[in-house]
Amino acid sequence: MSMLNDIQELVSAEVISRETGDKIRDYYRNKRGLSINWLYLVFGVLGAILVGLGIILLIAHNWDELSLTVKTGIAFLPLIAAQILSGFSLIKKRQSVSWRESSSVLLFFAVGACISMISQIYHIPGNLSAFILTWVLLCLPLIYLMSSSIVSLFYLIGITYYACETGYWSSPVSESYTYWLLLLPDLPHYYQLYKKKHGSNFMTFHNWFIPLSLVISLGTLSNSNPEFMYIAYFNLFAFLYLLGNLKFLTKQKLTDNGYLITGTMGTLILLLMLSFDWFWKELENKSFRFNELMLSPEFIASAVFLLAAGSLFYTGQKRKAIRDIHPVAVVFILFMITFFIGRISGISVVLINLYVFAIGILTILDGVKRNHLGVLNFGLLIITALVICRFFDEAISFVFRGILFVSVGIGFFATNQMILKRRKANG
Amino acid sequence: MDKKYVLLSLFVIVALVQLFIPAKMILDREKVLDSGKEFKFRTAPVDPVDPFRGKYITLRYDESVIEVKPEEDWVRGETIYVLLGTDADGYAKIESVSKVSPPIGKDFLKAKVNFVEESNPGKVTIRYPFDRFYMEESKARDAETAYQKAPTDTNRVMYALVSIKEGESVLKDVIIDGVPIKEYIKQQSAQKDVH
């Protein structure tokens with residue numbers, strides 16, 4: 001209210017015109033309206049999720065006393081109710097995001113409840129992946145018809161669960177290409193979000209769900225040449241990292257940029273894992289059959305993501321000077337070379353350690369240059385992680401390890417101190 | 001046409017599909033139950049849980065291993081057709097397995113290869129598509145213990161009643177000592193209450 005009074009005062013004192021005063025009032029009125037809508041949406045969707053999950057749990061009790069007909073009726077009841085509700089949203093409340101999203105979420109769970117009830121009645125076999133596949137496919141059209149972003153997120157969770165179920169948890173496991181096909185129909189919705197609701201929370205959620213889903217599911221392709229999965233993963237992480245550096249994502253907050261964070265962290269964690277020598281020892285002793293390898297899912301995945309990352313790297317690098325290229329972006333190329341060196345020589349493990357060290361140092365220098373404490377300390381953390389990994393390396397003498405630790409510790413103090421001092425000097 | 005009506009008619013189609021698929025799941029099973037042939041599979045239960053569909057008992061079948069010729073190439077997870085017969089006691093018995101669908105009119109079911117033992121002769125373990133029996137959550141554990149309490153009791157016969165038609169199979173019930181498992185557990189807990 002005080003704001004309205006202030007505007008009144010400013011108008012009467014002729015500091016601002018009446019027109020401007022009205023505009024300011026309208027602006028705040030709309031803004032408040034928006035946040036109220038947002039609340040409706042959050043509560044509507046949360047309510048729908050809870051009700052939906054509740055129905056599934058109630059059904060999972062397996063009511064023995066109920067007759068077959070009653071059970072079948074119960075299976076269809078929530079489904080039909082949710083369909084009517086969604087139909088109503090579509091006809092009457094198409095403009096209301098909260099109506100559309102909540103009724104779609106309810107329908108999503110009602111479909112799951114219905115097929116799970118039927119599975120129970122007829123003791124349909126234990127295949128959880130087939131169950132999930134039926135479920136998400138029946139709900140896929142809702143993403144577009146109801147333009148529901150939450151169903152899109154649930155769809156992503158569903159297909160990721162499906163990939164895990166077929167690729168990691170069932171026996172015998174089978175590599176699943178189906179996941180990649182299932183991912184495609186969700187992408188147009190993501191594009192719509194990018195076009196129409198750029199910077200919205202839905203977009204942010206997708207910016208996290210999609211890279212995480214990719215990272216989780218890529219491993220399901222691992223079959224008889226798991227070593228090549230490392231190449232595939234480095235390429236995937238590079239692809240994610242480079243995507244995260246595209247303009248439309250860098251405009252967002254760092255925490256909203258799932259691609260950049262997943263890509264960076266993934267690359268560093270993999271490098272740290274490979275800075276131990278167990279992987280390289282195995283690699284040197286393993287024999288590959290070239291013809292089999294060329295057709296293996298690991299090789300295909302590596303090639304596809306190499307192309308994806310490579311083209312992004314090429315287009316991004318064209319506009320940049322060499323020293324502006326971030327070190328994380330080139331790791332995928334370096335690793336591939338190192339991998340093949342590793343087949344013939346034991347020097348690869350040393351190279352990997354050097355890469356991590358170099359990334360750390362370059363990040364620190366970048367932090368100093370940009371006068372950015374966050375970047376500086378991230379660089380120091382990379383070095384620390386490397387040093388901690390080497391702490392367990394018995395091949396290195398205690399004295400050397402001791403000196404390493406002390407110098408990194410001093411490095412922390414010195415560089416932070418330096419930046420703080422410089423900031424003070426600049427006022 | 002108005003965009004709204006296009007959307008709405010598409011939505012109606014999706015809604016119908018959402019109703020049709022579960023209904024078809026029901027109809028397919030009803031068809032097998034109605035006109036399929038019944039087989040009894042000797043079994044033993046254990047009790048795990050499914051996150052979406054609740055408690056069930058896993059059924060392991062005695063009659064699930066068959067000898068195959070060593071030169072035949074069986075792969076884990078592939079679909080196979082199991083030709084069925086009945087033994088002297090009236091229980092289901094595997095006659096043979098094949099990779100191609102037997103002619104209609106024979107009694108067979110579709111299953112998966114669970115395990116291959118490469119020896120001479122080789123052995124294939126079959127995974128039947130009726131290895132789950134969903135039960136009310138309070139009873140699933142009782143069902144398991146009821147059976148396992150007396151493993152030495154050879155009189156206790158437990159089998160799964162399965163209806164089979166043209167390769168498709170539906171698990172009708174699990175029978176212990178001649179009574180359906182749900183009844184059996186009720187009897188057991190009634191007896192427990194008396195003692």
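**Notes on how the two chains and their domains meet**

1. Let's start with the two chains: 46 residues of chain A are in contact with 41 residues of chain B. Keep in mind as you look around that this is a predicted model.

2. How much area is buried between chain A and chain B? It comes to about 4,000 Å², and carbon and sulfur atoms give 65% of that. On the chain A side, the elements that give two or more residues to the contact with chain B are α2 (18–60), α3 (68–92), α4 (97–121) and α5 (128–145). Try finding those four in the picture.

3. What kinds of residues does chain A bring to chain B? The touching side splits into 29 nonpolar, 14 polar and three charged residues. As for links across this interface, there are zero salt bridges, while five residue pairs are in polar contact, both partners at pLDDT 80 or more.

4. Now look inside chain A. Its domain assignment gives domain 1 (1–106) and domain 2 (126–214), and the centres of these two domains of chain A, taken over C-alpha atoms, are 23 Å apart. Here 14 residues of domain 1 of chain A are in contact with twelve residues of domain 2 of chain A.

5. The two domains of chain A bury about 980 Å² between them, with 70% of it on carbon and sulfur atoms. Within domain 1 of chain A, the residues losing the most area to domain 2 are A:R100, A:E101 and A:S104, which together make up 44% of what that side buries.

6. Which helps you place this contact: α2, α3 and α4 of chain A each supply at least two residues of the domain 1 side. The largest share, six residues, comes from α4(A). Sorted by type, that side has eight nonpolar, four polar and two charged residues. Between these domains of chain A the count is zero salt bridges, alongside five residue pairs in polar contact (both at pLDDT 80 or more).

7. Over to chain B, where the assignment gives domain 1 (1–35) and domain 2 (37–194). Five residues of domain 1 of chain B are in contact with eight residues of domain 2 of chain B. The area buried between them is about 550 Å², and 69% of it comes from carbon and sulfur atoms.

8. Which three residues matter for that area on the domain 1 side of chain B? B:V32, B:L33 and B:S35 supply 83% of what domain 1 buries against domain 2, more than any other three residues. The touching residues of domain 1 of chain B are two nonpolar, one polar and two charged. Between the domains of chain B there are zero salt bridges and two residue pairs in polar contact, both at pLDDT 80 or more.

How values were computed
Residues numbered from 1 in each chain as written. Chains lettered and ligands numbered in written order. Predicted model: local features only at pLDDT ≥ 70, side-chain atom pairs only at ≥ 80, totals over all residues. Heavy atoms only, no water. Domains from an automatic or database assignment. Contact = heavy atoms within 4.5 Å. Buried area = accessible area lost by both parts, 1.4 Å probe. Salt bridge = Lys/Arg side-chain N within 4 Å of Asp/Glu carboxyl O. Polar contact = N/O pair within 3.5 Å; in protein donor to acceptor, adjacent residues only side chain to side chain. Nonpolar A, V, L, I, M, F, W, Y, C, P; charged D, E, K, R; others polar.
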